[in-house]
Amino acid sequence: MKIYDGRDEKGALVYFEVPNHFLSRIAACKLVAAIPGANVTFRQRPFTVFGEEVFCRFELGGKSFELWEPFGDNSRFHVAAIPLTACAELETVHKVFEVHRPVIGVLPWVVLAAGIGFSTYSALASRCFLACK
């Protein structure tokens, strides 16, 4: 996965951002929860309003971290320690996101549905309904 690093003047990693095109908030939180030793302390409830920026808080190695989406609607998720500082645990989280390969299982169906169009889908559905009577 493409990762955008945020480094301090010494070159140490202090935050990073990951694109969320194929990574949902829920999937990002699950990815963090799968890190050995990580303890998720807050995760956004399903079906909540998407205006909230912070959607996951977790602890790893005694440090606190947040996953958030700037402005609540952005193309990237921001991952950082709270308070903002460089640490070895952030490097661990960075590696987990770096090797993650998102599952793009829904995308082909969305493209297919867009290609078929709603009217074609409706015609097929009505034929099936009439045939089943």
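Buried means under 20% relative accessible area and exposed over 50%, with partly exposed in between. Keep those cut-offs in mind as we walk through this predicted model.

Start by selecting Asp-5: at a relative accessible area of 36% it falls between the two cut-offs, so it is partly exposed. Now add Arg-7, the salt-bridge partner of Asp-5, with the closest N and O atoms 3.1 Å apart. Arg-7 is partly exposed as well, at 43%. A search of the whole structure turns up four salt bridges, so let's visit two others among them.

Next, pick Arg-76 and Glu-17, whose closest N and O atoms are 3.0 Å apart in a salt bridge. Arg-76 sits in strand E6 and Glu-17 in strand E2 (residues 13-19), so this pair ties together parts 59 residues apart in sequence. Arg-76 is partly exposed at 27%, whereas Glu-17 is buried at 16%.

Follow strand E6 (residues 76-82) along to Ile-82, which is partly exposed at 41% relative accessibility. Show its neighbours: leaving aside residues up to four places away in sequence, Ile-82 touches Ser-64, Phe-65 and Glu-66. Select Lys-63 too; its C-alpha atom is 7.6 Å from that of Ile-82, although 19 residues separate them along the chain.

From there, stay on Glu-66, which is buried at 16%. Glu-66 forms a salt bridge with Arg-57, the closest N and O atoms being 3.0 Å apart, and Arg-57 is partly exposed at 34%.

Last stop: the cysteines Cys-29 and Cys-56. Cys-29 is buried at 3%, and Cys-56 is buried at 0%. Don't look for a disulfide here, as the whole structure has zero.

Note on methods:
Residues numbered from 1 in each chain as written. Predicted model: local features only at pLDDT ≥ 70, side-chain atom pairs only at ≥ 80, totals over all residues. Heavy atoms only, no water. Disulfide = S-S within 2.5 Å. Buried < 20%, exposed > 50% of the residue type's maximum accessible area, 1.4 Å probe, protein only. Helix = DSSP H or I, 4+ residues; strand = E, 2+ residues; numbered from the N terminus. Contact = heavy atoms within 4.5 Å. Salt bridge = Lys/Arg side-chain N within 4 Å of Asp/Glu carboxyl O.
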